Amino acid sequence: MRKISLIIWFIFSLVLSASANDEIKISVEFPSVLGNKQDGRLMVMLANNNLNEPRFQINPGARGQIIFGKDVKDWQPDTIEVIDNSVIGYPFDSLEDVPAGEYYIQAIINRYKDFHLSNGKTVSLPPDMGEGQQWNRKPGNFYSKPIKVTIPEKGVANIHIILDQEIAPIEPPKDTKYIKHIKLKSEMLSKWWGEDIYLGANVLLPEGFEEHPEAKYPLMIFHGHFPHTFRGFSENPPSPDMKPVYSARFNWDGYNIYQAQAAYDFFKKWTSEDFPRFIIIEVQHATPYYDDSYAVNSANQGPYGDAITFELIPHVEKMFRGIGEGWSRFTYGGSTGGWEALAVQVFYPDQYNGAFAACPDPIDFRAYTALNIYEDKNAYFYESDFSKKPRPGQRDYLGNVGYSLYDDNRLEAVIGSKSRSGRQYDIWEATYSPMGDDGYPVRLWDKLTGEINHEVAEYWRENYDLRHIMERDWAKIGPKLKGKIHIYTGDMDNYYLNNAVYLTEEFLENTKNPYYEGEIDYGNRAEHCWNGDHDNPNAVSRLNYNFMYVDKILKRIEKSAPKGADLTSWRY
């Protein structure tokens, strides 16, 4: 038996040695014609296919490709930066682990700049360039065209890459009769960041806006990821020449055509005679850490909650004849936007009259996706006597796990250090964590090992755990939140976000003085991001946010508007 085991071990060793190289070194440079010395995150990516550029194939899923990353400081043009076996990678820890074979290779630098904060700290971060903090699409980033290379089974491989391409600026969207694009310099944020910071709003105006100058309108705020222009609204039907594109997410061939038709259908609904007249805005508030700020005040990102609530929204209302009172403002959104919709309602209970939070990011950190940050010791593995049992990070509606929490966080660690990956767990840290002595967010857990810092977890609890804050402060804010909270999630949310909703429901359904008088609903076997529609699949209902809560909003206005409120000028 021992002899057989040794033979098996020997064969396995041969397989391993045949699938990995002895030594590989990748040399990267950029020409002086592109600029002077650079700070940033240098990344090299390898893909085993040419279906798309490697930079667009990086994700923690089963089909995600290979990436390595390192910080660079004062990198001079026409000089070499080396990616070697010491550089962190995903899904392979090191270049030496990459199997032999043919690959398409590409490099990119996510360029950083220094921000001199009002508290005296200086941090080096990637500024938003109008793309919503996407490193692989960010205007101004240098990159190389993919080239085909061979990783040998044995010997040394030296690969040379030149970053001779620069991502072009993004063309700003144009205003139309219905859609306006607003930019506002935020005095609050500019003071905090030490330079001019702008907030944006994509504004959808109601039908008859010009013809009814006497009308003032309620406001619906659609929270969510960075919107280049107002989404899901088109004055034109889809072109008959539009070619169908397959959506792997929804297993739907021609989903792009359906989306285009839905956008046109919304235009027809919006302009119909019986549709109530509202203003809708989508907020643009990308930060150096993510494609939006999470719409709250933060130790690491500044007073975005105050800036949006007290600077941007009143500015839009003044420009476009909004009613401009708390009873006339409503928030809604899904996922990140769902958390934001509920958070601003909780933190500014007098400024908004209802939140419709679909598939919200964790609203109770006892269920921070698949872990309890207050009691668990490790984010990546369940406690076990003898073996490591990985925590899941993503699943489908049948419970099949796509990747682990470790996978997601390891990838983030490769794309950016110090919470600078621009991805999900890093932005939660940038939003919820205290600022460290170095000016960057304090880690909730060690990014490589998963060991949780419970002092940081307590800071999160007292400042951003929405269920805890509501329960702690219900005597004060409960009367102001009565009838305003609406939460929807699928009970098979891909990221286990329904678990935090269950815990929040336990509290809300037991509230007294007053009872919360809101709504919590679940979609049976529904994935991320179910929003309350029991009649249509996610692929359809996700396109209907801008009108699916209108009837509930109207009922809320009728029930709660103060005496003498304008309930007629906008109902033409």
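## Phe310 and its aromatic partner

Does Phe310 count as buried, partly exposed or exposed, and at what relative accessibility? In this predicted model, Phe310 counts as partly exposed, with a relative accessibility of 41%. That value falls between the 20% limit for buried residues and the 50% limit for exposed ones.

The structure holds 47 aromatic pairs. In one of them, Phe310 meets Tyr348 edge-to-face, with 5.7 Å from centre to centre and 75° between the planes. Phe310 belongs to helix H4 (residues 304–319), while Tyr348 sits in the loop between helix H5 (336–347) and strand E22 (355–358), so the pair ties together parts that are 38 residues apart in sequence. Tyr348 itself is buried, at a relative accessible area of 10%.

## Lysines over rings

Two lysines are worth a look if you care about charges and ring faces. Lys113 lies over the face of Phe115, at 4.9 Å from the ring centre. Lys388 lies over the face of Phe381, and here the figure is 4.8 Å from the ring centre.

## Strand E14 and its neighbours

Now to a strand with two partners. Strand E14 (residues 198–204) has six of its seven residues buried, so it is largely enclosed by the rest of the structure.

One partner is strand E13 (residues 179–185), which runs antiparallel to E14 and is joined to it by seven bridges. Within this pairing, Leu184 has Leu199 of E14 as its bridge partner. The other is strand E18 (residues 279–284), which pairs with E14 over five bridges, again in the antiparallel sense. There, Leu204 stands opposite Ile280 of E18.

## Two cavities

How many cavities of 30 Å³ or more does the structure hold? There are two. The largest has a volume of about 40 Å³. Its lining is made up of Asn110, Pro126, Gln133, Gln134, Trp135, Lys138, Arg420, Ser421 and Gly422. Sorted by class, that lining has two nonpolar, five polar and two charged residues. Lys138 and Arg420 are in the lining, and both residue types count as charged.

The second largest cavity has a volume of about 30 Å³. Tyr368, Asn409, Tyr425, Glu429, Leu444, Trp445, Lys447 and Trp460 line this cavity. By class, its lining has five nonpolar, one polar and two charged residues. Among the lining residues are the aromatic side chains of Tyr368, Tyr425, Trp445 and Trp460, and Tyr and Trp count as nonpolar in this sorting.

Definitions and conventions
Residues are numbered from 1 along each chain as its sequence is written. This is a predicted model: local features need pLDDT of at least 70, side-chain atom pairs count only at pLDDT 80 or more; totals for chains, interfaces and linings use all residues. Side-chain values use heavy atoms; hydrogens and water are left out. Rings of Phe, Tyr and Trp (its six-membered ring) pair if their centres lie within 6.5 Å; planes under 30 degrees apart count as stacked, over 60 as edge-to-face and the rest as tilted. Helices (H or I, at least four residues) and strands (E, at least two) are DSSP runs, numbered from the N terminus. Buried means under 20% relative accessible area, exposed over 50%, partly exposed in between (1.4 Å probe, protein chains only). A charge sits over a ring if NZ of Lys or CZ of Arg is within 6 Å of the ring centre and within 35 degrees of the ring normal. Two strands pair if DSSP finds at least two bridges between them. On a 1 Å grid over the protein atoms alone, a cavity is a set of points where a 1.4 Å probe fits but cannot get out, and a pocket is an open set with protein on both sides within 12 Å along at least five of seven lines; lining residues have an atom within 4 Å of a point. Grid points are joined across faces, edges and corners, and a volume is the space filled by probe spheres set on the points.
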